[in-house]
Amino acid sequence: MARTDLAELRGLLEADRKRTRDLIAALSGNFSSIVEAARLTATDDEHDPEGATIAFERSQTSALLSAATTHQADVDLALERIANGTYGECEQCAKSISPERLLARPAARTCITCAS
C-alpha cells in the first residue's frame, strides 16, 4: 500500500477514533442519566406505562454504547496494525484487503471474500 494511502487512512481512523470517543462519552452520560432518573422515581415496569419506556431507553442506550465500544476497539486495532506494518492484510486469509474496502471501512479486518 502506498505511503500516501496509508497517511489518508490513518487520518480517517484518527478522526473516527475522536468521533467514537465523543459518542461513547455522550452515551455514557445518557445512560447514567437514565439510570439516575429511574432510581429517583418509583416505576413499576409492569403497571406503569412509563416504566416500559425507561427500560427501552436504558436497553437501547446500552446496546449503542456496546457497539461504539466495539467499534473503538476495531479502530484502535487498525491503528496498531498501521504501526506494525500489518494493516491491510485480511486476518483470516492473509491476503490484501482492497483499497476500496479500506477507504469505505478503514477499520476493516477482513477482505470482502472472508467477510461474506
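Glycine 88 touches Lys95, Ser96, Ile97 and Leu102, once residues up to four places away in sequence are set aside. You can find glycine 88 in the loop between α2 and α3 (99-104). With a relative accessible area of 8%, glycine 88 is buried, because the cut-off for that word is under 20%. Please keep in mind that this is a predicted model, as we walk through the rest of the chain.

Let us look at what else glycine 88 takes part in. A search of the whole structure turns up 1 cavity of 30 Å³ or more, and the volume of the largest cavity is about 30 Å³. Glycine 88 is one of the residues that line the largest cavity, together with Ala78, Arg81, Tyr87, Ala107, Ala108 and Arg109. Two of these lining residues, glycine 88 and alanine 78, lie 10 residues apart in sequence, and their C-alpha atoms are 8.7 Å apart in space.

Arginine 109 also lines the largest cavity, and it makes a good next stop. The place of arginine 109 is the loop between α3 and α4 (112-115). Along the chain, arginine 109 and alanine 78 are 31 residues apart, yet from C-alpha to C-alpha the gap in space is 7.7 Å. Is arginine 109 buried or partly exposed? Its relative accessibility is 34%, so arginine 109 counts as partly exposed. Leaving out residues up to four places away in sequence, arginine 109 touches Asp74, Leu77, Arg81, Glu89, Cys90, Glu91 and Ile97. Ile97 is a name you have met already, since glycine 88 touches Ile97 too.

Now step back to the whole chain. How many helices and strands are there in the chain? The count is 4 helices and 0 strands, and from the N terminus on the elements run α-α-α-α. Of the 116 residues, 26% count as buried. The chain exposes about 7600 Å², and carbon and sulfur atoms supply 54% of that area. Contacts also link distant parts of the sequence: among those between residues at least 6 apart, 55% join residues at least 24 apart.

With that overview in place, we can turn to the inside. The largest nonpolar core has 13 residues, and Leu13, Tyr87 and Leu102 are the ones that touch the most other members. The elements that give two or more residues to this core are α1 (3-40) and α2 (49-84). Which element gives the largest share of this core? That is α2, with 4 residues. Two of the names just given have come up before: Tyr87 is among the residues lining the largest cavity, while Leu102 is touched by glycine 88.

Helix α1 has another residue to visit, threonine 20. At 6% relative accessibility, threonine 20 falls under the 20% cut-off and therefore counts as buried. Apart from neighbours within four places in sequence, threonine 20 is in contact with Ala68, His71 and Gln72.

Next come the cysteines. The structure holds 0 disulfides. Cysteine 93 is in no disulfide, and the nearest cysteine sulfur, that of cysteine 90, is 3.7 Å away. At 32% relative accessibility, cysteine 93 counts as partly exposed. Why is the sulfur of cysteine 114 not in a bond with the closest cysteine sulfur? The closest one, in cysteine 111, is 3.7 Å away, which is too far for a bond because a disulfide needs sulfur atoms within 2.5 Å. Cysteine 114 has 22% relative accessibility and so counts as partly exposed.

Two exposed residues complete the walk. Alanine 94 sits in the loop between α2 and α3, as glycine 88 does. Its phi is near 70°, a positive value in a residue other than glycine. Alanine 94 has 55% relative accessibility and counts as exposed, because that word applies over 50%. Threonine 113, in helix α4, is likewise exposed, with a relative accessible area of 64%. The C-alpha atoms of threonine 113 and isoleucine 97 are separated by 9.4 Å, and these residues are 16 apart along the chain. That brings us back to isoleucine 97, which is touched by glycine 88, the residue where we began.

Methods: Residues are numbered from 1 along each chain as its sequence is written. This is a predicted model: local features need pLDDT of at least 70, side-chain atom pairs count only at pLDDT 80 or more; totals for chains, interfaces and linings use all residues. Side-chain values use heavy atoms; hydrogens and water are left out. A nonpolar core is a set of buried Ala, Val, Leu, Ile, Met, Phe, Trp, Tyr and Cys residues joined through side-chain atoms within 4.5 Å. Buried means under 20% relative accessible area, exposed over 50%, partly exposed in between (1.4 Å probe, protein chains only). Contact means heavy atoms within 4.5 Å. Accessible areas come from the Shrake-Rupley method with a 1.4 Å probe; for residues, only the protein chains shown count as cover. On a 1 Å grid over the protein atoms alone, a cavity is a set of points where a 1.4 Å probe fits but cannot get out, and a pocket is an open set with protein on both sides within 12 Å along at least five of seven lines; lining residues have an atom within 4 Å of a point. Grid points are joined across faces, edges and corners, and a volume is the space filled by probe spheres set on the points.
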